[in-house]
Amino acid sequence: MFAYTIRRILMLVPVLIGMSLIVFFLIRAIPGDPAQIILGQQASKEAIAQLRDSLGLDEPWYVQYVIYMKDLLTGDLGNSIRTHAPISEEIWPYFAATLELSLFAMFIAVVVGVNAGIISAWFQNSWFDYVAMLLALIGVSMPIFWLGLMEQWAFAVEFRWFPTSGRESILNPVDSITNLYIIDTIIQGRFDQLQTVLRHLTLPGLALATIPMAIIARMTRSSMLEVMRSDYIRTARAKGLRMFWVVYKHSLKNAFIPVLTVIGLQMGLLLGGAILTETIFSWPGIGRYIYDAIGFRDYPVIQSGILVIALVFVTINLLVDLLYAAIDPRIKYQ
């Protein structure tokens, strides 16, 4: 297992280098000059040329890439063209906001999706099975931007149960320690703020959880149906074990490998694809951070933000592969 883990970690290096190359060239294909955008349309050519020189944009592309990779290897993500702040310090609060939202959404998706899939397989062809799979199909097909707007209209405007935007109350802001507000409020014992943070998380979390919840439910049902037809499940039922233990102890563990794969992929997609949800609910996450950087042609921020998301994505895939062996002892990494 240790040797396999080291090999997989080493395999991440060419993947991230390839990703950095792709992002480096793609963002420079975006129309517009960062110096022109920063100084405005009325700026003189001399001022634009001077700013381009100070930003290193006059250098050939390969020189810019070498400088970027050299800084990256030392842990320096560079400075934002727009704010001039170090990206390594600036990016964490945005990434923490997206991480907290994605984990909250994935928790909902896993708890609801896995149990819905189990019950659908347990009572195959029942009314619950048909209703659950119909809702799963609707969940996969439903646009997040429409669902988010409907949630805001119903639960924030009409019933006033939840706030419409933001991470915290403006009147009672959280004293940030880790920028993960749930953890920060628990550490400080501010359970009144914890309740407020959870209320702000609810609507965007539900909107973001819809698609992965539906996919997990359908995958769990399919995998459980296959396992529950196995001989050892019939033997367990013939021995007189309660159906609850047969399903949740014997069947689920053997059916969880494909479900775990889907959970890992969906978690990576949530971290990188929450831009619509973050825009609708004014959530200050990394998706909004990169989106705003694209508008300002802030090359270092775009490169670093996408690279961080790519690193998290491949790390999640590695963890999922390692969890296979923990769940199923038959899986051995030679």
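In which helix is F145 found? I looked it up: F145 is found in helix α7.

**Entry 1: the model**

I noted at the start that this is a predicted model. I checked the confidence next. The mean pLDDT of the protein chain is 83. I also saw that 94% of its residues reach 70 or more. Confidence is lowest in helix α2, residues 34–39, where the mean is 68. It is highest in α8, with a mean of 91. I kept a caution in the margin: where pLDDT is low, the predicted coordinates should not be read in detail.

**Entry 2: a nonpolar patch**

I went back to F145 and looked at its surroundings on the surface. F145 belongs to a nonpolar surface patch of about 690 Å². I wrote down the other members: W146, L149, M150, W153, V157 and L276. Which helix gives the largest share of the patch? Helix α7, residues 144–158, supplies 6 residues. Is F145 itself buried, partly exposed or exposed? I found a relative accessibility of 45%, so F145 counts as partly exposed.

**Entry 3: two asparagines**

I looked for residues with a positive phi that are not glycine. N125 was one of my finds, with a phi of about 65 degrees. I located N125 in the loop between α5 (87–122) and α6 (127–141). Its relative accessibility is 47%, so N125 counts as partly exposed.

N179 also went into the notebook. Its phi is positive, about 70 degrees, and N179 is not a glycine either. I placed N179 in the loop between α7 and α8, the latter being residues 181–187. Is N179 buried or exposed? I read 18% relative accessibility, so N179 counts as buried. The cut-off I needed here is that buried means under 20%.

**Entry 4: aromatic rings**

How many aromatic pairs does a search of the whole structure find? I got 10. I picked out F24 and F25, which form one edge-to-face pair. Their centres are 5.5 Å apart, and the angle between the planes is 90 degrees. I then checked how covered each residue is. F24 has 0% relative accessibility, so it counts as buried. F25 is at 39%, so it counts as partly exposed.

Why is the pair of F24 and Y65 called edge-to-face? I found the ring centres 5.2 Å apart and the planes at 75 degrees, so the pair earns that name. The cut-off for edge-to-face is over 60 degrees. I traced where the two partners sit. F24 is in helix α1, residues 2–28, and Y65 is in helix α4, residues 61–73. They are 41 residues apart, so I noted that the pair links distant parts of the chain. Y65 has 12% relative accessibility, and therefore counts as buried. I closed the entry with the cluster: ring pairs link F24, F25 and Y65.

**Entry 5: salt bridges**

I began with a general reminder: side chains of opposite charge can pair when their charged atoms come close. I counted 4 salt bridges in the structure.

E100 and R167 make one of them, with the closest N and O atoms 2.6 Å apart. I found E100 in helix α5 and R167 in the loop between α7 and α8. They are 67 residues apart, and the pair links distant parts of the chain. Both E100 and R167 are buried. R167 also turned up elsewhere in my search. Over which ring does the charged end of R167 sit? I found it over the ring of Y181, 3.8 Å from the centre.

D129 and R221 make another salt bridge, at 2.7 Å from N to O. D129 is in helix α6, and R221 is in helix α9, residues 191–228. I noted a separation of 92 residues, another link between distant parts of the chain. D129 is buried, and R221 is buried too.

I ended with R234 and D231. The closest N and O atoms of this salt bridge are 2.2 Å apart. Both residues lie in helix α10, residues 231–238. They are 3 residues apart, about one turn of the helix. I looked up their cover as well. R234 is partly exposed, with a relative accessible area of 45%. D231 is exposed, at 52%.

Definitions and conventions. Residues numbered from 1 in each chain as written. Predicted model: local features only at pLDDT ≥ 70, side-chain atom pairs only at ≥ 80, totals over all residues. Heavy atoms only, no water. Patch = residues over 30% accessible without salt bridge, like charges linked within 9 Å, V, L, I, M, F, W, Y side chains within 5 Å. Areas by Shrake-Rupley, 256 points an atom, 1.4 Å probe, with all protein chains shown as cover. Salt bridge = Lys/Arg side-chain N within 4 Å of Asp/Glu carboxyl O. Helix = DSSP H or I, 4+ residues; strand = E, 2+ residues; numbered from the N terminus. Buried < 20%, exposed > 50% of the residue type's maximum accessible area, 1.4 Å probe, protein only. Phe/Tyr/Trp six-rings, centres within 6.5 Å; stacked < 30°, edge-to-face > 60°. Lys NZ or Arg CZ within 6 Å of the ring centre and 35° of its normal. pLDDT = per-residue confidence, 0-100.
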